[in-house]
Amino acid sequence: MLEYDSLAQNSSRVMLVFLGEICYSFYMENEAVVYQPPLKTVASRICLCLVLIIVLSNLLSVLCSLIFREYFSYFATAIIYFVAFPIGCIPLKSLPPLRLQAESFSAVDILRLICACAAALVIGNLIGSTLKIILEALTQAEQTDIVASSLTGMSVIWIFVNMVILAPCAEEFLFRRLIFDRVQGFGKWNAILFSAVTFALLHGNIEQLFYAFLIGLVLGYAYSKTQRLLLPILLHAGINLFGSIVTLYVGTIPPLGMLYILLVLIACIAGIIFIVNFIKQQREQRLMGRAHKESYVNWGFLALLIVSLALIVINALPAA
C-alpha cells in the first residue's frame, strides 16, 4: 500500500511539473550543471523511459477503447500525454540536465527553419508513402492509414486541441527539454541526432517514422540555438496544423488546394537549398559534430528499437 501511495504521489508531482514546466521554461535562466553520468548510462535510461511510455500509452489506449468506446479518440491522446508521459519521465529526475548559453537567432533564421520543416515533411512523407505502397504490393492488402484513422470522428476543434496544442507542447517538452538537456553535454550534434532518432522511434509506424526523424533534426537544431521550447513548439504546432486540419479541409476547395500545394512546393525547394548550403557550410568550417556510438550501443536503446520495430510491424499489418 505504501509503494502504491508513493508511486501515485510521485506521478502526481511529475504531472504537475510536466504541465508547469512547459510555461515556466520559456522564462527560465540558463544554468550550468556539472555532468556526471557517462553517456551510455544516460542514453540507456532515457530509452528505457521511452519504452515505459510506449507500453503505458498502448495499455491506456486499449483501456480507453474499452471504457469510452465511440468517444475513444477524444480521450486517448489527453490520457497518454497527461498520464503515460509524466509516469514514464519519473526515472529521468535522477539524470542532471545541462542548459547552455542561447545563441542569436534572427527572423530570417526562423523563416529558413520553417522552409526546412516543409522540406523534411515532404521528403519524409514521400519515403513513408513509397514504403507503404511497396508493402501494399507485397501483401496484396491495403495498409491502415495511422494518421487518418487517429483523426476519424474528431471535430475540427478537438483535432486542433490534440494536434496543435497538446502534441507539440508534450512532445517538445519530452524530447527537446527533458531528453535534449540530458545529452547535449556530450555534444550539440549528438544531442540533435539522438533526440530525433528517439522522437521517430516513439511514433512506431512507417508513415511517420521518416518525417518525424527529419523534422526532429530541425526542431533539435532550433532548440540547440535558442535553448528555449517556444520556437520548437511553434514549429511543431505549425507542422501539425498544416499536416492535419489544413490538408484535410483545404483539399476540398480546389483553388485553395492548388495554392496550398504551390506554397508547400516553394517552401520545400527553399528548405532543400537551405539544408544543402547549411551542411556544406558546417563541413567547410568543421562545425559539424559527430554521433557517439554510446548513445545507441546500450541495452536501453536496443529495447526501444525492438519495441518500436514491433509496433511498426503491427501497424503495418493489413487492415481487417
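1. Start with the cysteines. This predicted model has zero disulfides. A disulfide needs two cysteine sulfur atoms within 2.5 Å. C49 does not meet that cut-off, because its sulfur lies 6.8 Å from the closest cysteine sulfur, in C89. That is too far for a bond. Seen from C89, the closest cysteine sulfur is in C49, again at 6.8 Å and again too far.

2. Are these two cysteines buried or exposed? C49 is buried, with a relative accessible area of 4%. C89 is buried as well, and its relative accessible area is also 4%.

3. Next, look at helix α7. It covers residues 188–203, which makes 16 residues. From first C-alpha to last, α7 reaches 23 Å. The expected value at 1.5 Å a residue is 22 Å, so the two are close.

4. How much of α7 is buried? The count is 13 of its 16 residues, so the rest of the structure largely encloses this helix.

5. Check what comes after the helix. G204 follows α7. The phi of G204 is positive, near 65°.

6. Now move along the chain to Q227. This residue sits in the loop between α8 (206–226) and α9 (230–250). Its phi is positive too, about 55°, although Q227 is not a glycine. The position is worth viewing in the model. Is Q227 buried or exposed? Q227 is buried, with a relative accessible area of 1%.

Note on methods. Residues numbered from 1 in each chain as written. Predicted model: local features only at pLDDT ≥ 70, side-chain atom pairs only at ≥ 80, totals over all residues. Heavy atoms only, no water. Helix = DSSP H or I, 4+ residues; strand = E, 2+ residues; numbered from the N terminus. Buried < 20%, exposed > 50% of the residue type's maximum accessible area, 1.4 Å probe, protein only.
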